[in-house]
Amino acid sequence: MLGSLLSQLRTLGTVLRHTFTRAETVEYPEQKPYLAPRYRGRIVLTRDPDGDERCVACNLCAVACPVDCIALQQGVREDGRWYPEFFRINFSRCIMCGMCEEACPTAAIQLTPDFEMCEYDRQSMVYEKEHLLIDGTGKYHDYNFYRVSGLQIFGKDKGEALDEEPPVDVKSLLP
Amino acid sequence: MSETSTLVFGLILLLGAVGVAAGLTWFERRLLGIWQDRYGPNRLGPLGALQVLADMLKLLTKDDWVPPFADRVVFVFAPTAIVIAMLLGFAVVPFSPDMHLLDMNIGLLFFLGMTSLAVYSVLLGGLASNNKYALLGGLRSAAQMISYEVFMGLSLMGVVMLAGSFSLQDIVRAQEGMWFCVHQFLGLYVFLIAGIAESHRLPFDLPEAEHELTAGFHTEYGGMKFAMFMLGEYLGLILISCMMTALFFGGWLGPDFLPPLAWFLLKTGIIILFFILLRAAIPRPRYDQLMSLGWKVMLPLTLVNLAATGAVALWMEG
Amino acid sequence: MPVIRVDGQDYEVEAGGNLLETCLELGMDLPYFCWHPAMGSIGACRQCAVVQYQNEEDTRGRIVMACMTPVTEGAIIDLTGDRAAAFRRTVVESLMVDHPHDCPVCAEGGECHLQDMTVMTGHRDRHYRGTKKTYRNQYLGPLIHHEMNRCITCYRCTRFYRDYAGGTDLAALAAHDHVYFGRHREGTLESPFAGDLVEVCPTGVFTDKSLVHDYTRKWDLQSAPSVCTGCGVGCNTLPGERYGRLKRIHNRYNDEVNGYFLCDRGRFGGNHVNDAPRIDYPARREADGRFRALDQAACQAQLADCIAGKRLAGIGSPRAGLEANLLLQRLVGAERFNSGMDDGEHKLLQRSLSHLVNSAARNPSHRDIESADAVLVLGEDLTQVAARTALALRQSVRNEAYRLAAELKLAPWQDAAIRNLAQDRRSPLHIVSAGSTDLDDVAAGHYRLVADDQARLAAQIAAAIDGEPSGDAAVLRIRDDLLAAQRPLVISGASAGSAALLDGAAAIANALARAGREAMLSFTTPECNSLGQALLCRDSHASFESLEASGAEVLIILENDLLRRLSPERVEALRERIPIWIGIDSLETGTLAYCDLVLPAAAFTETEASFVSQEGRAQRAFPVHPPAEARRPGWQWLLALARAAGNTALVALEHFDDIVPTLAGEDPVLQGVMRAAPDHQFRSRGLKIPRQPHRYSGRTAMAADVSVHEPRLSEDRDSALAYSMEGSAAADRPAALLSYVWSPGWNSNQSLHKFQADIGGALRGDSGGARLLDELTMPAVAEAPRPEAFRRRDGQWLLQGRHHLFGSDELSRLSAGPAERAGRAHLYLHPNDAQSLGLAEGDGVTLEGCALELRIDASQVPGSAGYAVGYPETLALRSGQWVPLSVASDWQRPPQVIGSDREAAS
C-alpha cells in the first residue's frame, strides 16, 4: 500500500522532471521529417521491369486487408496474363497497415512514403486502377512474376521460366 | 457589501470562473504537452492561446443535434445541470477576508450539496442518451460519485471540528496558527482523491473511459451540449482546488507582501497544476479497483482520522 | 466395435474401414491426395503415412499408408509423431519439386487441396535447387481448362473419369516421371461428367474455364444452397456469386441424391443468368409493338388496370418453384390453371406418379439405385436425360465386383484390388432404347427398338416374370437376370412419350415384387419441378385447348416459353382468344413477345423455390444474391398481382414460408414441402446462417465506385440465411442451409468430411429434402392399349427423339460453353436408310419444313429417324410422327472449327 503510494509519487516526480526536457515534435508542414522508402503511405500498383502491369488479380491483397477496402475483378488478357479488370482502393477506409503489400506475391501493390492525401469530398478518396497504377517498378526493381511462374504467356513459352526444362515430349519412351 | 456590488462581484465571479475554465483547457493541453515532450496547441495566437477561441467557435457552430432515440427533454437538461451546480458552488468560496458572495454558516454543507447535484447531470445524460455506452457511463458515475461523496463529506469533518464552524471564512481564519494540511493530513489525502473522483477527472474518469465506453455518458453529445459537460468538469476542477485551498492550505492567509486574494489564487493555481500533473502521470484504475479503494481504504482512513481528530479535540478542550 | 489407439489415446471405431477414413471420422487432420470417399483407396500418393506398432512393446513400428491399412482390433498407430510427420513432409516436398509457382494465377488457389496439405504437413522451405519439368497443355473443350504443370500424379482424374464415370478419352499417357494426364490429342472432353474433374483434382490441373476467365476466389464467393434446374434429378448445387454475376456452380453434397458429383449440364448450364439476355424492368407493350419500361408506380397501376375484376387464367411452369405455381393456381382458380405442360406430357407424368404410388416396388433414391444388382432401363438414354442417374447406374453394375470381393473378404474401399478381381464381370444392366446410349459399354444387353416395340417388349418381360412362357431370347435373358437379383431396378420415363411403356415398366416392377424381390421402380422427369407440377395438378388441369375455351380475359404466364411446347400457330390461336397476356420471366423468351405486360422475374440464383425431383423429393433452393434492378421473385410478382386483383385470400401472405401452409390446405403431400428446409425463423445458436465465408473481402470497396458510403446490407426476410459474413457457420447446421463448405485448415471442398458424421454418409445436419410420395395415395390408372408392332413404311420415317445433355433442355443451351457443346441439331439415320436416300454423313435433310444435318448411326432402327430433341430447329418435331425425308437443296456444310484456334481466340 505504502509502496504503491511511493511508486505513484515517483511517477509524479518523473513526469515533473520532463518540464525541462525538449519537445520531440517535428513541426510539420514547415519541417518535413525524413520518411524511409519503406514508409507506409499511399498505395500504388507498380509495373514489372518490362513495363507491364505487375498485378495478376490474385485477390490476396483484398483478403489480407483488415478493413476490406480493396476490391478487384480478375480478367485474362489476350496474351494469357491475368490482370485486374478493375482495381479499387477505398482510401477513406484504408489504415495503411501494409498487409496488402506483404500479401502480394508479385510485388505489384506497394506502399509509398506519400501520406498527404486529404480531400474535402470523401468520394475522392476512392482510387481506381488508373489512379493507382504508376509507370515504375517501385521498391523492387528486378522482380517479374511471369519469369518465375510456370504460366504460359505470349512471349514466354512453357519451359522458359526460371529453372524450367523444355516441355516434356509425352510421346517419348526413352528413360 | 451593498446589493449592487454583490451583483457586480457575482457577475465577475461568474464570468471569471467560466473564463478560467475555458482557459484551463488550453493551459492543460500545453502543460500535458510539456510533460510529454511535445508542444500541445501552439498554432493559434501567442503560444496557441487562441485555440480556446477556435474550439469555442467550432463548438458553437456545430449542429445542435438530439438523437432521435434519446429522451429529448432530459437530454438537453442534463449538461446544464452540472454547469449550474458547479457555478453555484463558487458562491461560498472565500477569496479574501471580504471577498465572497455568501458567507453562510453552513457554507461547507452548501458546497457539498452542490457537488452532489452534479451527479444528476452525468446520470441523466447517460440515461437519456438511450445508448449502451452512455448508460454504462452513467451507471458508473452514479456509483462512483455516491461512494466518494461519503468520504468527501466525512474527510472534511475533521476540519470542521478543529475550526468549530461550517462557515468557510471561519475555517480559513482558524488556520492562522497552522494550516490544516498538517494536522489534517489524512483528511487532505482523502479529500484530494475524492475530489478527483467527484469531478471525474483522470485518473478517475471511469464514467467516460474512452477505451472501454467510447465516450461514456456523453457518447451521444456534441456541440454546445458537449461543451457544457466539459465546462462543468473544468469548473469542478477549479472549485475543488479553491475548496482545498480554503480548507487545508489556509485560504487567503499568507505573508503581507502579497494581498490575500493573490495568495488565494496562487495556492489554487498550484493545486490545479498538481491535478494536471496527476492526469499526465497516473493511469486509470479498473472500475472494481476504484470501488474497493473507496470502500476498503478511504472509508476506514476517514473514520480513523475522524475519531482521532475528535479525541484530540476533546482532549484539548479537556 | 474395435478399439484402436491413436497417439496414445483409445478410440472405439467402426469395423471394416481403413485407418485414413477412421482418423478423419474421428476429427483428426491426416493429409491425403489419392484417396476419395467415393472412389476408395489405391495408396498411390504416399501422403497419408502413419506409424503402426505391432504391440505395446514395439517401439520402432513401421510406416504404413493409412488409406490402405484396415482397422483392426487393438491397432496402435502414431499420427502426429515425428517420424510420420517427417515422412509426410518429405512426400509433399517431392511432389512440390516441379510445381510451377503459379498459385496467384491459378483458379484453384484458395481452395486447393495441395495448398492445404502442404501447409498441414508443414513443408515450407524448398531444398531442391534443380530444374523443373514442364508440360504443354491441351485444349479440352469450352468447359475445362488444362494446366498440366500443376499435376502431382495422384491419378484421381483418370480414376474418376475412366473407372467411375466410364469416360474413355482422358488417360495417363507417357512413362516414368513424364506421366501426362490428358487426351491422346487435343479436343473436347466427351464425358458428361468432365466438370467433376474440377472438384476431383486436388490441385489446379483441371479448372472451370468460365471461372478462369471471370475469376473470383472461393473466399469471395457469396453462395447459398440451391437445386439444379437442369433436369428432374434435383442435384444439390452451390452456386457462387460476386458483383452480381454467377461465377460458378459447385456440387453440394447430398448422400441420397447427387453425392459428390454433378453432371456438366448442372455445373455449367447455370451461366445463362450471365450469358442470356435478361429482363431488368417491368414493361408494357405500346401500340407500336415495342416495350416501354415502367417504374414501380406505373407498374402497380398497370397491374390493377390489367387484371382488376377480370377473369384470369394461368399457365405455370415446371421450371418455376412449386410455391409460385401454387400461388398462380390459387389466384386464377384450379380449373383455369395449366401446369405449363401440354396435355400429353401432363398425362404421362400423372401416369408415372400413379405407378410410383401404387406399385409394390420401392421408389429409389440414387443411393438405392447404386445398390441395385440388376437394372432394366426402358426407353431412356439416361446419360442425356438424367445424367446423374446414369452415373449411379454405372456404380450399380459394380455390385457384382463387390460381391466377389466380399467372398474374398476384401474391403469395398480396396479399389484397385477389386477392379483387378472383377475385371469385366458386372451386375446385369439391360438397356432398351431407340438408339445407342452412353451406358452401352457396361450393359449386359442393349435392344434397339422404337418406342412402341419397347412397350411391347416390356409387357412381355412382365408376363415372363409372372411365369408366362416366351420364345423371345431377349425376354428370357432379361427375365432371368432380373429374377436372379435381390434388388432389381426398372427405370423408365416420359422421354419416349409412350404411356404403354410406363405401364410396362410398372408391370415388370410389380411382377418382381410379387416374386419376392426388393424391386425398385423409378421414372425420370423432364424438368426440375415437373413432378411438383404433376402433384399440384393431380386433381385438375386445364389443357391449352380448354384455356382457349375458358372465356378468360387475362392470361398470366409464369416463367414458361410456350413456343417450346406449342407451335407458333397454336400460340397465335390462344392469343386471339385471350385478350390480355401478362408474362413473368427472367429470360427474354419468344413467348414474351406475345405479352402485353412483361414482369421481370428473378433467376434461379435470386429466388427461393422448392422443386420436386423425379424421386418425389421436395428440395429448397435459396437465393444466392438479392435480385438486381426491378427484378423480383416470381412469387412476389404473383402476390402483387393478387393485390391488384383484390384477392383477399392471397393478400395476407407475407413470407415465402406462408405460401404452402396457407394455400396447400388439407393436402398433406403439398404440406410436406415445408419439411424440405427450415423456415425463415430458424436460427443456429441464435444467429442467422451467413452466405459469405468469414474471409469475404472488399466489403468497403465493392460498391465504392457508386458511393463511398457503404450500402446497407440486403436483408433476407424469407429465409434463415443472411447476405452477410456474420452469423453461425456451425458444422451441424441443417444440410438444407449449408451455404458453403469450409473448415479450419481445409479450404478445399475436401473439408466436406468435417460435415459428415460418417464419411460418405449423411451430413451432420441430415440429408436435406423431404420425400413426398410416401404419403400420397392416388387411384390406379387404366392400362394403356398395347401398341401395334412397328412396321416400316415406304417413303416415310418414324421420328424418334434423341436427347442431348447440352441442347435438349431449355436453359443450358443459353450458356456460352454448353451452347458450344450443344452445337446444331442432327438427324440420325441407319446407314441402309441413308444409302437408299442417297445421303452421306453431313448432308442436309429436309423434313417438316426444317433442314437438319445428317448423322449416320448404325444404332438407329431401320425405318425410323432420330432427331435431336429441344433444339430451336426441331421444336416442331414430335416423337412418333411419320415424316417423309428429302435431300435438302442448297445445303452448306457448317465450317469446321479447330479447337486450338478457339483457345487462341479466347
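Select chain B and chain A together and look at where they meet: 8 residue pairs are in polar contact between them, counting pairs with both residues at pLDDT 80 or more. That pLDDT figure is there because you're looking at a predicted model.

Now colour the side of chain B that touches chain A. Helices α1 (3-35) and α11 (260-281) of chain B each supply at least two of its residues. Which one gives the largest share? That's α11(B), with 5 residues. Colour by residue type next, and this side of chain B splits into 11 nonpolar, 1 polar and 3 charged residues.

Want the whole contact on screen? Show 15 residues from chain B and 18 residues from chain A. Between them, chain B and chain A bury about 1400 Å², and carbon and sulfur atoms give 62% of that area. Then pick out W35(B), D37(B) and Y39(B), which supply 38% of the area that chain B buries against chain A, more than any other three residues.

While you're here, hunt for charges. How many salt bridges does the rule find across the interface of chain B and chain A? There are 2. For a salt bridge to zoom in on, select R43(B) and E30(A): their side chains meet with N and O 3.0 Å apart.

**Next stop: chain A and chain C**

Hide chain B and bring up chain C. Here 47 residues of chain A are in contact with 50 residues of chain C. The two chains bury about 4000 Å² between them, with 53% of it on carbon and sulfur atoms. On the chain A side, click D68(A), W82(A) and V168(A): these lose the most area to chain C, together making up 15% of what that side buries.

Stay on D68(A) for a moment. What does D68(A) form with R699(C)? A salt bridge, and the closest N and O atoms are 2.8 Å apart. Across this interface the rule finds 5 salt bridges. Switch on polar contacts as well, and you get 27 residue pairs between chain A and chain C, again with both residues at pLDDT 80 or more.

Which parts of chain A do the touching? Try selecting α2 (60-64), β2 (70-76), β3 (82-90), α5 (145-148) and β6 (164-167) of chain A, since each supplies at least two residues of the side that touches chain C. The largest share, 6 residues, comes from β2(A). By type, that side of chain A divides into 27 nonpolar, 10 polar and 10 charged residues.

Keep β6(A) selected and add β6 (residues 132-134) of chain C. These strands pair across the two chains in the parallel sense, over 2 bridges. To see a bridge up close, centre on P167(A), whose partner in β6(C) is T134(C).

**Last stop: a sheet in chain C**

Show chain C by itself and find the open sheet of 5 strands, running in the order β21-β20-β19-β22-β23 with parallel pairing. Where are its edges? Look for β21 (445-448) and β23 (520-524) of chain C, each of which pairs on one side only. Rotate the view a little: neighbouring strands of this sheet are turned by 10 degrees against each other on average, direction ignored.

What holds neighbours like these together? Strands of a sheet pair through backbone hydrogen bonds, either parallel or antiparallel.

To finish, zoom in on β20 (residues 429-433) of chain C beside β21(C). This parallel pair is joined over 4 bridges. Select S433(C), then its bridge partner in β21(C), which is R448(C).

How values were computed
Residues numbered from 1 in each chain as written. Chains lettered and ligands numbered in written order. Predicted model: local features only at pLDDT ≥ 70, side-chain atom pairs only at ≥ 80, totals over all residues. Heavy atoms only, no water. Contact = heavy atoms within 4.5 Å. Buried area = accessible area lost by both parts, 1.4 Å probe. Salt bridge = Lys/Arg side-chain N within 4 Å of Asp/Glu carboxyl O. Polar contact = N/O pair within 3.5 Å; in protein donor to acceptor, adjacent residues only side chain to side chain. Nonpolar A, V, L, I, M, F, W, Y, C, P; charged D, E, K, R; others polar. Pairing = 2+ DSSP bridges. Axes fitted to C-alpha atoms, helices over the stretch in contact; angles between N-to-C directions.
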